[in-house]
Amino acid sequence: MLEENENKTLTINGETIAPGENKLVQLHIARLPTGTLIDIPVHVFNAKKAGPTVLVQAGLHGDEINGVETLRRMLQEGRFAIKKGAVIVVPILNIFGFIHFSRDVPDGKDVNRSFPGRKTGSLASRIAHTYTEQILPQVDFGIDLHTGGSQRHNHPQARYTFGDVKSEELAKAFNAPFRFSSKLIGGSFRKTTFKMGIPTMVYESGESMRFDEKAITIGIQGVENVFRFLGMVPKGPKQKQQPSIHLESTRWIRAARAGMFIPQISNGEAVKKGQILGMTTDTFSKKNKKVKAPFDGHVICINHQAVVNQGDALFHIGR
């Protein structure tokens, strides 16, 4: 029987984590063709006092390593010493993608399009199924760390689900430079948590296979901001931070023609309607196409691909 105000006991993969206990649990997934067992390491920090259980995860896409380093650094520095509730920390969800420097698992499927998964499905589906069955029933809130993919560099931003007030509150508390709502995608982790009643926010910053110190620093601060907001750690003295800018809508600006892509503006910068953001040009500089801002707003993502095709996303702008 729980004492008054004592936290609950968590159970993952048959292992119990009692109030006041911290434990590393290995979540069994599959084997490599060599027979080597692949496990997902799950760090559990269960405080003695009652409070919410928060899942903080990274590496859902194996090549998005800023979140992995964010959580590794927080583990190393002992930043999960909460006083109330529990934190489940998963630094690398997609182990297969991580060891192959890939967004996906070896069969090309995206784990973040495979939730809630099936026990007898594809490898991605099996990973999603195990995770949905073992981890999500324990969780009250979720923080999912991502970066931009395919050489697209995201300025630090927090995303929440439109109409989900609690996920919006998490994004606001996280206090990344920008925050906005984004649509739920079929088969995504966030859509599954939404259906399960688990408010979840996504932090996007940097680009795949590149460490970005600013992204990591803001990520660490943001996770700790959420812990304070949920009352899991003492509030302490208020730190000086610029308030997050809320964007009502966002739009991708795409290449009108193929060619070399030359950005002429910094990520995160405020822009005016008609302002030149960059240009596409052929290799002989005979045909240039200026890329202009369609409205006043802020640049929240820049494509770092030097050569682009017609229709490629170049800039993500919010207003």
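**Close-ups of a predicted model**

**View 1. One side of helix H4 is tucked in.** Helix H4 (residues 165-174) has Ser167, Leu170, Ala171, Ala173 and Phe174 buried (under 20% relative accessible area, 1.4 Å probe, protein chains only). Looking down the H4 axis, the buried residues sit within an arc of 165° (taken from the directions from the axis to the C-beta atoms), so they line one face of the helix. Val165 and Lys172, on the other side of H4, are exposed (over 50%). Helices here are DSSP runs of H or I with at least four residues, strands are E runs of at least two, and both are numbered from the N terminus. This is a predicted model, with local features needing pLDDT of at least 70 and side-chain atom pairs counted only at pLDDT 80 or more, while totals for chains, interfaces and linings use all residues. Residues are numbered from 1 along each chain, and side-chain values use heavy atoms, leaving out hydrogens and water.

**View 2. What H4 packs against.** The buried residues of H4 touch (heavy atoms within 4.5 Å) strands E7 (141-148), E8 (152-161), E9 (178-182) and E10 (200-207), plus helix H6 (213-229). Right after H4 comes Asn175, with a positive phi near 65°.

**View 3. An open, antiparallel sheet.** Its 4 strands run in the order E16-E15-E13-E18, where pairing takes at least two DSSP bridges between strands. E16 (288-292) and E18 (307-308) are the edge strands, each pairing on one side only. Strands E13 (residues 259-263) and E15 (residues 276-281) are joined by 4 bridges; Met260 has Thr281 in E15 as its bridge partner.
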